[in-house]
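Please open the model in your viewer and keep the selection tool at hand. The tour goes from stop to stop, saying what to select and what is there.

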Amino acid sequence: MFLHTCLVFFSTYIKLMPKITYIEHNGKTHTIDVAKGLSVMEGAVQNNISGIDADCGGGMACATCHVYVKEEWFDKLPKKEDGEEDMLDMAYEPKKNSRLSCQLTVSEELEGFVVQLPEKQA
Ligand code: FES
């Protein structure tokens, strides 16, 4: 009975974790279940995805969590704050679809979210 309850709880918990796909610059793809409330950066760091350094730990002070957001997702995200835009100016090869992954909070709205990692971080 206890095991059954644990399995039901665990499977429900897993379903509550949105899948985020990280595509490295070389095309290697990682689709990870990331707990809601974590940032997209934290999901990468906790799962040892190479290509996101996150030197400042999410303090929006380094731009080494820079990602490119797939076009179909870009307009669904919260708007950038001024500080994020300033930091992206210091990122490696920023583009109009660039975001700091530490500023993107995982929620059920991000189920299936896809980010591409730059060739390197600044
Ligand atoms: S982790 Fe440093 S700006 Fe995102």
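Is Cys-65 buried or exposed? Cys-65 is buried, since its relative accessible area is 3%. Here buried means under 20% relative accessible area, exposed means over 50%, and partly exposed lies in between (1.4 Å probe, protein chains only). The areas are computed by the Shrake-Rupley method with a 1.4 Å probe, and for residues only the protein chains shown count as cover.

Before going on, note that this is a predicted model in which local features need pLDDT of at least 70 and side-chain atom pairs count only at pLDDT 80 or more, while totals for chains, interfaces and linings use all residues. Residues are numbered from 1 along each chain as its sequence is written, and side-chain values use heavy atoms, with hydrogens and water left out.

**Stop 1: the whole chain**

Colour the protein chain by secondary structure. It has four helices and five strands, in the order α-β-β-α-β-α-α-β-β along the sequence. Both kinds of element are DSSP runs numbered from the N terminus: helices are H or I with at least four residues, strands are E with at least two. Of the 122 residues in the protein chain, 39% are buried.

**Stop 2: cysteines and the loop between α2 and β3**

Return to Cys-65 and add Cys-62 to the selection. Cys-62 is also buried, at 17% relative accessibility. How many disulfides does the count come to? The count is zero, where a disulfide is a pair of cysteine sulfur atoms within 2.5 Å.

Next select Ala-63, which sits in the loop between α2 and β3. Its phi is near 65°, a positive value in a residue other than glycine. Ala-63 counts as buried because its relative accessibility is 2%.

Asn-48 is found in the loop between α2 and β3 (66–69). Asn-48 is not a glycine, yet its phi is positive, about 55°. With 68% relative accessibility, Asn-48 counts as exposed.

**Stop 3: salt bridges**

Show the side chains of Lys, Arg, Asp and Glu. A salt bridge is a side-chain nitrogen of Lys or Arg within 4 Å of a carboxyl oxygen of Asp or Glu. A search of the whole structure finds four of them; three are visited here, beginning with Lys-36.

Lys-36 pairs with Glu-108, and their closest N and O atoms are 3.2 Å apart. Lys-36 lies in the loop between β2 (29–33) and α2 (40–46) and Glu-108 in the loop between β4 (98–100) and β5 (113–116), so the salt bridge ties together parts that are 72 residues apart in sequence. Lys-36 is partly exposed at 38% relative accessibility, and Glu-108 is exposed at 53%. While Lys-36 is selected, add Pro-18: the two are 18 residues apart in sequence, and their C-alpha atoms are 7.0 Å apart in space.

Now select Arg-99 and Glu-84. Their closest N and O atoms are 2.8 Å apart, and the two form a salt bridge. Arg-99 belongs to strand β4 and Glu-84 to helix α4, so this pair ties together parts that are 15 residues apart in sequence. Where do these two stand in accessibility, buried or exposed? Arg-99 and Glu-84 are both buried.

Then pick Glu-85 and Lys-80, another salt bridge, with closest N and O atoms 3.5 Å apart. Glu-85 is partly exposed with a relative accessible area of 36%, and Lys-80 is partly exposed at 25% relative accessibility.

**Stop 4: a negative patch**

Which residues form a negative surface patch? Select Glu-81, Asp-82, Asp-86 and Asp-89, which form it. Patches are made of residues with over 30% relative accessible area and no salt bridge, with like charges joined within 9 Å. For this purpose Asp and Glu count as negative, and the place of a charge is CG of Asp or CD of Glu. Asp-82 is in helix α4 (residues 82–88) and is exposed, at 66% relative accessibility.

**Stop 5: Lys-96**

Finish with Lys-96, in the loop between α4 and β4. Lys-96 is exposed, with a relative accessible area of 72%. Add Glu-71, which is 25 residues from Lys-96 along the chain; their C-alpha atoms are separated by 9.8 Å.

Key: Patches are made of residues with over 30% relative accessible area and no salt bridge: like charges are joined within 9 Å, nonpolar side chains (Val, Leu, Ile, Met, Phe, Trp, Tyr) within 5 Å.
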